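Thank you all for making time this morning. I would like to walk you through a structure that is new to most of the group, and I will go slowly, so please keep the view open as I talk.

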Amino acid sequence: MKQRRRQAEILGERAIEALIYVCGFSAIIFVFGIFFFVLREGAPFLAKLKIGEFLFSIDWFPTSQTQAKYGVGALIAGTLSVTALAMVIAVPFGLGAAVFVSEFCTGKLKETLKVVIELLAAIPSVVWGFVGLTVLSPIIIATFHVPIGVNMFNGALLLALMSVPIMVSIGEDALKAVPDSYREAALALGATKWQLVYRVLLPAAKNGLLAAVLLGVGRAIGETMAVLMATGHSVRIPHSIFDPVRTLTATIAAELGETSKGSDHYQVLFLIGVLLFGITFVVNLTADMIVKGIKRK
Amino acid sequence: MAAAPSNTTATANRAIFTETPFVRKKRRTELVARCFFGAMAAAMVIPLVLIVGYVIVQGAPSLSWEFLTANPRLGGIRGGIWSALVGTIYIVTISLCVSAPIGVLSAVYLTEYARDNWFTRIVNLAVVNLAGVPSIVHGLFGLGAFVYAAGMGKSILSASLTLSIMTLPVIIASTKEALSAVPRSFREACWNVGATRWQTIRRIVLPNSISGILTGVILQVSRTAGETAPVMLTGVATFKAVESTGLFLYNPIKDQCMALSMHLYYIATQASNAAPSLPFAIATVLLCVVLVVNATAIGVRAYLRSRKKW
């Protein structure tokens, strides 16, 4: 009797451990699954696709009856320019805030700031987009005297606000990883806090901070709703930061609903998805390798 | 000869007790540095307060108990938001039921079972990359895999499954952190009295890390509630007329539903003749849901951490 119960227990445990193993591998399965299913929907068009034209042509006329053209050059330019401008804004603020949280404040203030950062990260992207559309747009028109308020600058501001939290939290971890003996040595030599930050902490934590920035870049490239609502949505190579642009993500979100399953347009949108998957994969992989490199050291 | 050392001691004393121009300058730089970095941090806090405040003030005219409990009418521009709220609850609940067990078990595998080898590194890499995949690509995946390949059609189930995969890394990351915070000596003590691996996990590791796991699950709720791009491709409609105002409005296997996030997007961009305060009111409700859920997570974490015994 007891023997049998014991056997049932062992069997149950085996089953649970098998389940744990399956769940453990699930992340790999899902990543491959995402790649596979997105590529599968877009694959038939690969035969007709000229890679050079697809990537570098700026003619995006997917709905033209006579001669539809699928060049995502302008969309890539849109994504890159918005992301770059967002990073120009976000990097100093994000890293500055990370330094402040990790080096200049303690106790209550530090806890409060961390909570605020967490809440900032929690605001849904559609709310950011809505804020860009209704709040930032009129402000931008009034301040810079430009005709259109929903433009690259608007989108970049939102993306900056959205990617700052991740930069602060990863950047703070990187600064925390710098041994205290470095700080003590610098202070003992009579360095000011300013010198401590510039001469000691930033060089010592530079890989971690780079990873923080890269994760912010990944977040900004992949963002959809905010850029869909706030960048003005016109396909062209931007000439000034107040030009409306359109990004890869926004194009998929805006146009997929209007295509019929299996049409060329539909398949091209899935191929853009594959492209986005590839870009963010590389960015995240690089960031991860940098972080791992630090840990090993 | 003897006067020189005593002379230096005197200057050293003076340098400590009175403020030389050098010390004053140093203190000033310190203050400037503090203000500079403080301003950087404030630049993050201020937008949060301003945005939340502005949205709530603008939305106030439309907010009322009826706004929450009435169904939307006339394509969403009149009436309340009840069916959208219920749709969000459906999606959050179903995706939570799927992703919480998978995520927790996956984290258990990574911290308790996985050896330090190349395969584990690949699993970890996959988790990192899953977190980095853009939300719209998750939407494309859900459309290709659940809606078409699995034949579920555009439905609450497809949308929920898509979101559950998308938010899996959130749960895995926070659970992993919670599990590895349990001291190794706890496990060793348990093994030494003859418990098996699973018994140790079940009786010692999981109970001791429940606060972190719970926080991750709550954060997943807030993330799911606000997500728009993936669900708009896989099962959320811009408008769906519903009569009843009960909780069971939809059939989760077959029906499409409305959701708060999508409703906000639709009203803000497509509906031109809605009351100007309407989108602000929807945004207020969405913000409140998300921020309250997050505040709960923070509170739970603080409470359980204060009770932690080791």
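**Core, chain contact and helix packing**

Let me begin at one residue, A:Ala97, which, if we set aside residues up to four places away in sequence, touches A:Val164 and A:Val168 in its own chain and also B:Met40, B:Ala41 and B:Met44 in chain B. Before I go on, I should say that this is a predicted model, and everything I describe today should be heard with that in mind.

Why start with A:Ala97? The largest nonpolar core has 185 residues, and A:Ala97 is among those that touch the most other members, together with A:Met167, B:Leu264, B:Ile282 and B:Leu286. As general background, nonpolar side chains in soluble globular proteins tend to be buried together.

That brings me to the contact between the chains, to which chain B contributes 66 residues and chain A contributes 68 residues. Which element of chain B gives the most to the side that touches chain A? The answer is helix α2 of chain B, residues 21-59, which supplies 16 residues. If we sort the residues on that side of chain B by character, we find 48 nonpolar, 14 polar and four charged.

Staying with helix α2 of chain B, I would like you to find B:Leu48, which has its place in that helix. Leaving out residues up to four places away in sequence, B:Leu48 touches A:Val116, A:Leu119 and A:Leu120. Is B:Leu48 buried, partly exposed or exposed? With 18 other C-beta atoms within 10 Å, B:Leu48 is partly exposed, because burial would take 20 or more. For a sense of distance within chain B, the C-alpha atoms of B:Leu48 and B:Pro230 are separated by 25 Å, and these two residues are 182 residues apart along the chain.

Now let us turn to helix α5 of chain A, residues 125-144, starting with its packing against helix α12 of chain B, residues 260-269, where the axes are 10 Å apart and the angle is about 20°. At that angle, α5(A) is roughly parallel to α12(B), and their crossing is left-handed. From α5(A) the residues taking part are A:Val126, A:Phe130 and A:Leu133, and they meet B:Ser261, B:Leu264, B:Tyr265 and B:Ala268 of α12(B). By character, the residues of this contact are six nonpolar, one polar and no charged. You may recognise B:Leu264, which I named earlier as one of the core residues that touch the most other members.

The helix α5(A) also packs within its own chain, against helix α6 of chain A, residues 152-176, and here the axes come within 9 Å and cross at roughly 135°. That angle makes α5(A) oblique to α6(A), and the crossing is right-handed. The residues in this contact include A:Trp128, A:Gly132 and A:Leu136 on the side of α5(A), and A:Phe153, A:Leu157 and A:Leu161 on the side of α6(A). Taken by character, the contact divides into eight nonpolar, five polar and no charged residues.

In the loop between α5 and α6 of chain A we find A:His145, whose phi is near 50°, a positive value in a residue other than glycine. A:His145 is exposed, as there are 8 other C-beta atoms within 10 Å.

Further along chain A, helix α7, residues 180-188, and helix α8, residues 193-204, pack with their axes 10 Å apart at an angle of about 160°, and that makes α7(A) roughly antiparallel to α8(A). Their crossing is right-handed. In this contact A:Tyr182, A:Arg183, A:Ala186 and A:Leu187 of α7(A) meet A:Leu196, A:Val200 and A:Ala204 of α8(A), which divide into six nonpolar, no polar and one charged.

Let me close with two residues of chain A. A:Leu214, in helix α9, residues 206-222, counts as buried, with 24 C-beta neighbours inside 10 Å, and, leaving aside neighbours within four places in sequence, A:Leu214 is in contact with A:Val283, A:Thr286 and A:Ala287. A:Phe56, in helix α2 of chain A, residues 51-56, counts as exposed, with 12 C-beta neighbours inside 10 Å. The C-alpha atoms of A:Phe56 and A:Gly71 are separated by 6.5 Å, although the two lie 15 residues apart along the chain.

Technical notes: Residues numbered from 1 in each chain as written. Chains lettered and ligands numbered in written order. Predicted model: local features only at pLDDT ≥ 70, side-chain atom pairs only at ≥ 80, totals over all residues. Contact = placed C-beta atoms within 7 Å. Helix = DSSP H or I, 4+ residues; strand = E, 2+ residues; numbered from the N terminus. Nonpolar A, V, L, I, M, F, W, Y, C, P; charged D, E, K, R; others polar. Axes fitted to C-alpha atoms, helices over the stretch in contact; angles between N-to-C directions. Parallel < 35°, antiparallel > 145°, perpendicular 65-115°, else oblique. Left-handed = near helix turned anticlockwise from the far one by under 90°. Core = buried A, V, L, I, M, F, W, Y, C linked by C-beta atoms within 7 Å.
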